[in-house]
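The following exercises concern strand pairing, burial and charged pairs. Each task is followed by a solution in steps.

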Amino acid sequence: MQPIDTVEMHTGGEPVRIVVGGYPALPKATLLERRRHALEHHDDVRRLLMREPRGHFDMYGAVPLEADAPDADFAVLFLHNEGYSTMCGHAVIALGRWAVDSGRVAPREPETRLAIQCPCGVVRLRVEVKGGRSGRVRFESVPAFALMLERSVEVPGHGRLAVDIGYGGAFYAVLPASRLGLELKETPLAAIVERASLVSEAVRDQLAIQHPEDKDLGFLYGTILTDGSDAWSPEPSLNVCIFADRQVDRSPTGSGVTARIALQRAKGLIQEGQERAFESLTGARFTGRAIGRARSGVHEAVVVEVGGHAHYAGTARFTLEDDDPLAQGFLLR
């Protein structure tokens with residue numbers, strides 16, 4: 001395998017390993033088709049980069065590609081411990097800075113605009129630039145909507161619980177942590193992961209998750225446990241997202257913020273244009289607000305603007321020797 005070069009970033013503590021060289025060529029096709037091709041033919045690269053000893057259980061990655069959408073500057077595949085997600089807001093925020101600083105898009109002060117094609121669709125970004133340095137990034141989501149509100153599921157050990165299912169580029173089950181007997185700032189993380197995973201498994205087993213536009217988007221990505229503060233407030237709302245294979249998002253979760261805003265709008269808890277702050281366990285904050293109305297199939301939807309900061313952590317070159325017995329990587333929990 002040829003060396004793979006990366007730029008290492010994080011958004012609120014959540015890693016973003018951006019592959020800038022050495023990724024195998026993919027066929028000319030739609031981005032969702034290339035996503036499937038990567039899974040079928042190049043998943044060894046994902047495992048190499050995401051798993052130990054080069055990665056870890058909660059590693060996250062992004063592979064910039066040529067866009068097939070005519071209005072996008074470039075496309076991206078997202079990588080995690082289980083596979084390839086359809087949207088990732090924290091990675092989009094990091095990619096916005098990287099695109100400006102690397103010259104992938106021409107920087108303009110005080111704000112550079114660009115568009116990134118994600119598997120869920122094209123998202124539009126605004127990157128603050130001052131004195132040649134990039135800063136805060138905002139992106140506009142694909143149409144986000146409430147798929148289900150207060151839907152009851154049977155969760156082993158917890159009985160029947162009401163959950164909301166929201167879409168923000170990926171589908172999430174959303175509910176207050178208190179319904180599972182948890183307090184986000186006090187409960188050990190292992191218990192949060194365990195109970196959120198029980199919710200995800202129950203939803204996948206008991207509810208039909210379908211996207212109106214593409215079957216590849218129709219799956220539950222994870223569960224978001226909140227502090228229960230859904231109505232607008234000047235204070236941030238704390239949440240924790242457990243996604244993929246029990247992976248813990250260190251950031252407030254960009255697509256999760258998008259889904260939460262869509263759910264809050266559907267319930268009439270916030271107004272269009274009202275900005276809300278969301279906080280993660282690291283103390284990192286994203287902002288979110290509904291900025292317009294849209295539709296997604298039969299669903300009334302909103303376009304959500306999410307804002308946050310990403311930072312650089314370094315660069316890397318990864319290699320693989322032919323006789324390495326751990327070529328596929330490994331994960332220890």
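Relative accessible area is classed here as buried under 20%, exposed over 50%, and partly exposed in between, with a 1.4 Å probe and protein chains only. The model is predicted: local features need pLDDT of at least 70 and side-chain atom pairs count only at pLDDT 80 or more, whereas totals for chains, interfaces and linings use all residues. Residues are numbered from 1 along each chain as its sequence is written, and side-chain values use heavy atoms, with hydrogens and water left out.

**Exercise 1. Determine which class of accessibility aspartate 324 and arginine 54 each fall into, and describe the salt bridge between them.**

Step 1. Aspartate 324 is partly exposed, because its relative accessibility is 24%. Arginine 54, at 16%, counts as buried.

Step 2. A salt bridge requires a side-chain nitrogen of Lys or Arg within 4 Å of a carboxyl oxygen of Asp or Glu. The side chains of aspartate 324 and arginine 54 satisfy this at 3.6 Å, N to O.

Step 3. This pair links distant parts of the chain: aspartate 324 is in the segment after E17, and arginine 54 is in the loop between helix H2 (43-50) and E3, 270 residues apart. Helices (H or I, at least four residues) and strands (E, at least two) are DSSP runs, numbered from the N terminus.

**Exercise 2. Locate the partners in the salt bridges of glutamate 66 with lysine 28 and of lysine 267 with glutamate 150.**

Step 1. Glutamate 66 and lysine 28 meet through their side chains at 3.9 Å, N to O. Glutamate 66 belongs to the loop between strand E3 (61-65) and strand E4 (74-79), and lysine 28 to the loop between E2 and helix H1 (31-41), 38 residues apart.

Step 2. Glutamate 66 is exposed at 56%, and lysine 28 is exposed at 78%.

Step 3. For lysine 267 and glutamate 150, the N to O distance is 3.3 Å. Lysine 267 is in the loop between helix H5 (254-266) and strand E14 (276-279) and glutamate 150 is in strand E8 (residues 145-155), so the pair ties together parts 117 residues apart in sequence.

Step 4. Both ends are partly exposed: lysine 267 at 32% and glutamate 150 at 41%.

Step 5. The count of salt bridges comes to 24. Glu111, Arg113, Arg138, Arg289 and Glu305 are linked in a network of such bridges.

**Exercise 3. Establish how strand E1 (residues 4-11) is enclosed and paired.**

Step 1. Strand E1 is largely enclosed by the rest of the structure, because six of its eight residues are buried.

Step 2. Two strands pair if DSSP finds at least two bridges between them. E1 pairs in the antiparallel sense with strand E17 (residues 311-318) over seven bridges, and histidine 10 has histidine 311 as its bridge partner in E17.

Step 3. E1 also pairs with strand E2 (residues 14-21) in the antiparallel sense over seven bridges, where threonine 11 stands opposite glutamate 14.

Step 4. E1 and E2 form a hairpin with two residues between them, and glycine 12 in the turn has a positive phi of about 65°.

**Exercise 4. Describe the surroundings of glutamine 117.**

Step 1. Glutamine 117 is part of strand E5 (residues 111-118). Its relative accessibility is 7%, so glutamine 117 counts as buried.

Step 2. Contact means heavy atoms within 4.5 Å. Beyond neighbours within four places in sequence, glutamine 117 is in contact with residues including Leu31, Arg34, Phe74 and Val122.

Step 3. The side chain of glutamine 117 also reaches the backbone nitrogen of aspartate 68 at 2.9 Å.

Methods:
A polar contact is a pair of N or O atoms within 3.5 Å; within protein, one must be able to donate a hydrogen and the other to accept it, and residues adjacent in sequence count only if both atoms are side-chain atoms.
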